[in-house]
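Could you walk me through this model, one neighbourhood at a time? I would like to see how its pieces sit against each other.

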Amino acid sequence: MKTALTIAGSDSSGGAGIQADLKTFSALGVYGMSAIVSVTAQNTQGVDDVEDLSPKIIGGQINAIFRDIPVGAVKIGMVSNSAAIRTIAEKLKEFRPKYVVLDPVMVSKSGFDLLKPEARETLIRELLPLATVVTPNLFETERLVGRKVETLEAMRQAAKEIFDMGPESVLVKGGHLEEGPIDIFYDGTQFHQFAGKRIDTNNTHGTGCTLSSAIAAYLAKGLSLADAIQEAKTYIQGAIEHSLPLGHGHGPTHHFYRWFPEGE
Ligand SMILES: Nc1ncnc2c1ncn2[C@@H]1O[C@H](COP(=O)(O)OP(=O)(O)OP(=O)(O)O)[C@@H](O)[C@H]1O
Ligand SMILES: Cc1ncc(CO)c(N)n1
């Protein structure tokens, strides 16, 4: 059985965070495990509150998993604060998983800080260099490079600058790009464009979490990074097409293996 671990925050409404990650792993036939960094009280309308777990229990969860079960790939999502980031970085250096997909979650759709702004530098310094691929959206890309990023050309330039911060590769997500949901990949030698078809829906809660955990699942299943991203893009397209009109805000993506013939 292939396995994957998500290190992220809990979303009580089940559309993003740990819950989206585990649903994605399951839909793709991968056994999912989790280390919870922070608990959010949120729904489709926004985040009401956040409570961070201590570095001791974050590290304890990661220890318990790696000391017992092989981990095919790790996905990292909401990491919340500097102490949590340092603990996670330490554990990754200790256990050396083969693949680390880092989604540098910063602010929720409703504007709530899921990463304390003062912890951004720690994320860049401690976690970016440990990533197989880092998957910022346009807003996070702007925060990482310190200027507006609104075109494909600006995404390419930003991807290069983020690559220089130390990850093995970068996928700048264009879900919020005017030209369409086009993502730009850069691995230090060449660019690749992953294009989707824009689905006109309000139900996009958890799209970033779903994409990054699908990449981790496909890496755990043995696909190359380029193939894992391509398949994950197909998965997120289906999960948005079948997204659910639940709640009064942005409804969640839907995970169901039936739409993905290769799902076991
Ligand atoms: N309406 C849409 N139709 C098709 N694909 C989309 C749409 N919105 C986003 N995507 C795709 O979904 C993936 C996630 O991108 P996005 O930029 O929305 O991430 P995000 O902002 O981190 O998500 P979130 O914060 O909502 O979890 C990308 O591959 C993007 O191209
Ligand atoms: C816990 C959590 N992680 C990530 C996101 C970003 O979608 C969110 N809204 N909540």
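Ala41 stands opposite Asp49, a residue of strand S3. That pairing belongs to an antiparallel arrangement in which strand S2 (residues 31-43) and strand S3 (residues 46-52) are joined over six bridges. The two strands make a hairpin, with two residues between S2 and S3. As you look at it, keep in mind that this is a predicted model.

From the hairpin, step back along the chain to helix H1, which spans residues 17-27. Is this helix enclosed or open? Of its 11 residues, 10 are buried, so H1 is largely enclosed by the rest of the structure. The buried ones are Gly17, Ile18, Gln19, Ala20, Asp21, Leu22, Lys23, Thr24, Phe25 and Ala27. Their cover includes strand S1 (3-11), S2, strand S4 (74-76) and H7. So S2, one half of the hairpin with S3, also helps to cover the buried residues of H1. After H1 comes Gly29, with a positive phi near 80°.

Now to the helix that shares in that cover. Two packed helices are described by the angle between their axes and the distance between the axes. For H1 and H7, the axes come within 9 Å and cross at roughly 40°. An angle under 35 degrees would count as roughly parallel, and H1 and H7 are therefore oblique to each other. The crossing of H1 with H7 is right-handed. On the H1 side, the contact is made by Gly17, Ala20, Asp21, Thr24 and Phe25; on the H7 side, by Cys209, Thr210, Ser213, Ala214 and Ala217. Sorted by class, this contact between H1 and H7 has five nonpolar, four polar and one charged residues.

H7 (residues 207-220) also packs against helix H8 (residues 225-241), at an angle of about 140° and with the axes 8 Å apart. Because of that angle, H7 is oblique to H8. This crossing, too, is right-handed. From H7, the residues that take part are Thr207, Thr210, Leu211, Ala214, Ile215, Tyr218 and Leu219, and they meet Leu225, Ala228, Ile229, Glu231, Ala232, Tyr235, Ile236, Ala239 and Ile240 in H8. By class, the H7 and H8 contact has 13 nonpolar, two polar and one charged residues. Notice Thr210 and Ala214 of H7: they appear in the contact with H8, and they also appear in the contact with H1.

Stay for a moment with Ile240, in helix H8. Ile240 counts as buried because it has 23 C-beta neighbours inside 10 Å. Which residues does Ile240 touch, leaving aside its neighbours within four places in sequence? They are Ile199, Thr201, Thr204, Thr207 and Thr253. Its C-alpha atom is separated by 9.6 Å from that of Gly206, a residue 34 places away along the chain.

Finally, two loop residues are worth a look for their backbone angles. Ser80 sits in the loop between S4 and helix H3 (82-95), and its phi is near 70°, a positive value in a residue other than glycine. Arg96 lies in the loop between H3 and strand S5 (100-102), with a positive phi near 45°. Are these two residues buried or exposed? Ser80 is buried, since 23 other C-beta atoms lie within 10 Å, whereas Arg96 is exposed, with 10 other C-beta atoms within 10 Å.

Terms used: Residues numbered from 1 in each chain as written. Chains lettered and ligands numbered in written order. Predicted model: local features only at pLDDT ≥ 70, side-chain atom pairs only at ≥ 80, totals over all residues. Axes fitted to C-alpha atoms, helices over the stretch in contact; angles between N-to-C directions. Helix = DSSP H or I, 4+ residues; strand = E, 2+ residues; numbered from the N terminus. Parallel < 35°, antiparallel > 145°, perpendicular 65-115°, else oblique. Left-handed = near helix turned anticlockwise from the far one by under 90°. Contact = placed C-beta atoms within 7 Å. Nonpolar A, V, L, I, M, F, W, Y, C, P; charged D, E, K, R; others polar. Pairing = 2+ DSSP bridges. Buried ≥ 20, exposed ≤ 12 C-beta atoms within 10 Å, placed from the backbone.
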